[in-house]
Amino acid sequence: MSWRRYCLDAAATQRAGEDFARALRPGDIVLLAGQLGAGKTTFVQGVGRGLGVSDRITSPTFTMVRQHEGVNDVGIATLHHADVYRVDSLDEVVDLALGELVEESAVALVEWGELATSVFGREVMTVTFVLDDDDARTLVVDGALSDFRRDELDAWAGA
Ligand SMILES: Nc1ncnc2c1ncn2[C@@H]1O[C@H](COP(=O)(O)OP(=O)(O)OP(=O)(O)O)[C@@H](O)[C@H]1O
Ligand SMILES: [Mg+2]
């Protein structure tokens, strides 16, 4: 099953991220798939807002992963924001140990994460960014989904 949300512009993609934060729980890993400039970082900025992150979130392209502390009522203390576009081998993604990091009341959002699906296994959600005409994007969510998430994502797709 998958959920879609049409985002007319960058602000709409940020709002989609902010709303998506409600479907997140500690331990989640979310892969963000879509071409250069598709809006992955823009979406993470919105997720940060939804998780009560006060830092300015920028692209972690050169650092691979950045941590942001958040204040929210779903117990997510840390947002790990990774970008694996520039990794030379999957070992570098393994070394990030995101699976362990998210055990500490955290979530991880991974730009270009679909390039390293085998590292993350099957228990992940994926958000795919499809470019439409002009500035519009369609966001498609699929992956490992518990019942509570279905309700949250129904609301997300209907907004
Ligand atoms: N509907 C939209 N959603 C998101 N971004 C949009 C949209 N329309 C225009 N934009 C613009 O497209 C750019 C998206 O950049 P962003 O850094 O979020 O992409 P990205 O997918 O993270 O790219 P990269 O793969 O290089 O990390 C921004 O300049 C943003 O303002
Ligand atoms: Mg980016």
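Q: Which helix does Ala10 lie in?
A: This is a predicted model, so let's start with one residue and work outwards. Ala10 has 15 other C-beta atoms within 10 Å, which makes it partly exposed. As for its secondary structure, Ala10 belongs to helix α1.

Q: Is Ala10 buried, partly exposed or exposed?
A: A residue needs 20 or more other C-beta atoms within 10 Å to be buried, and 12 or fewer to be exposed. Ala10 has 15, so the label is partly exposed.

Q: Which residues does Ala10 touch, leaving out those up to four places away in sequence?
A: Look across to Phe43 to get your bearings: it sits 33 residues from Ala10 along the chain, with 8.4 Å between the two C-alpha atoms. With the sequence neighbours set aside, the residues that Ala10 touches are Gly39, Thr42 and Asp135.

Q: Which residues of helix α1 are buried?
A: Helix α1 covers residues 10-20. Ala10 isn't on the buried list, since its 15 neighbours make it partly exposed. The buried ones are Ala12, Thr13, Gln14, Ala16, Gly17, Asp19 and Phe20.

Q: What do the buried residues of α1 pack against?
A: Two strands and two helices turn up here, and they come from several parts of the sequence. The partners are β1 (2-7), α2 (40-50), β7 (137-143) and α6 (147-158).

Q: How many residues of α2 are buried?
A: The buried set includes Lys40, Thr41, Thr42 and Phe43, along with Gly50. Elements covering them include α1, β2 (29-33), β3 (65-69), β4 (78-83), β5 and β6. That leaves α2 mostly covered, and the count of buried residues is 10 of its 11.

Q: Which residue following α2 has a positive phi?
A: Phi here is near 70°. The residue, coming after α2, is Gly52.

Q: Which residues of the shell around ligand 1 are closest?
A: The shell holds 19 residues. By type, they divide into six nonpolar, seven polar and six charged. The closest are Thr13, Gly39, Thr41, Thr42 and Asp135.

Q: Which elements give two or more residues to the shell around ligand 1?
A: Two of the closest residues are a handy hint: Thr13 and Thr41. Thr13 is on the buried list of α1, and Thr41 is on that of α2. The elements that fit are α1 and α2.

Q: In what sense do β1 and β7 pair, and over how many bridges?
A: One bridge to look for in the structure joins Tyr6 to Thr138 of β7. The two strands run antiparallel to each other, and the number of bridges is six.

Q: What do β6 and β7 form, and which residue in the turn has a positive phi?
A: Strand β6 (residues 125-131) pairs with β7 in the antiparallel sense over seven bridges. One of the pairs is Thr126 with Asp142. The two strands make a hairpin with five residues between them, and the turn residue with a phi of about 50° is Asp134.

Q: Where is Ala97, and is it buried or exposed?
A: Ala97 isn't a glycine, yet its phi is positive at about 50°. You'll find it in the loop between α3 (90-96) and α4 (98-101). With 11 other C-beta atoms within 10 Å, Ala97 is exposed.

Q: Where is the place of Ser105?
A: Ser105 is another non-glycine residue with a positive phi, near 50°. It counts as partly exposed, with 14 C-beta neighbours inside 10 Å. Its place is the loop between α4 and β5 (106-111).

Q: Which residues have the most contacts inside the largest nonpolar core?
A: This core has 42 residues, and its largest share, five residues, comes from β5. Take Val110: beyond its sequence neighbours it touches Ile29, Val30, Leu31, Leu32, Ala82, Val84 and Leu98. The residues with the most contacts in the core are Val30, Ala108, Leu109 and Val110.

Q: How many helices and strands does the protein have?
A: Along the sequence, the pattern reads β-α-β-α-β-β-α-α-β-α-β-β-α. Tallied up, that is six helices and seven strands.

Q: Why is the protein as compact as a globular protein of that length?
A: The globule rule gives 15 Å for 159 residues. The C-alpha atoms fill a box of roughly 35 × 35 × 30 Å, and 42% of the residues count as buried. The protein earns the description because its radius of gyration is close to the rule's value, at 14 Å.

Definitions and conventions:
Residues are numbered from 1 along each chain as its sequence is written. Chains are lettered from A and ligands numbered from 1 in the order in which they are written. This is a predicted model: local features need pLDDT of at least 70, side-chain atom pairs count only at pLDDT 80 or more; totals for chains, interfaces and linings use all residues. Helices (H or I, at least four residues) and strands (E, at least two) are DSSP runs, numbered from the N terminus. Two residues are in contact if their C-beta atoms, placed from the backbone, lie within 7 Å. The radius of gyration is taken over C-alpha atoms; the globule rule is 2.2 Å times the number of residues to the power 0.38. A residue is near a molecule or strand if its C-beta atom, placed from the backbone, lies within 6 Å of it. Ala, Val, Leu, Ile, Met, Phe, Trp, Tyr, Cys and Pro count as nonpolar, Asp, Glu, Lys and Arg as charged, and the others, Gly among them, as polar. Two strands pair if DSSP finds at least two bridges between them. A nonpolar core is a set of buried Ala, Val, Leu, Ile, Met, Phe, Trp, Tyr and Cys residues joined through C-beta atoms within 7 Å.
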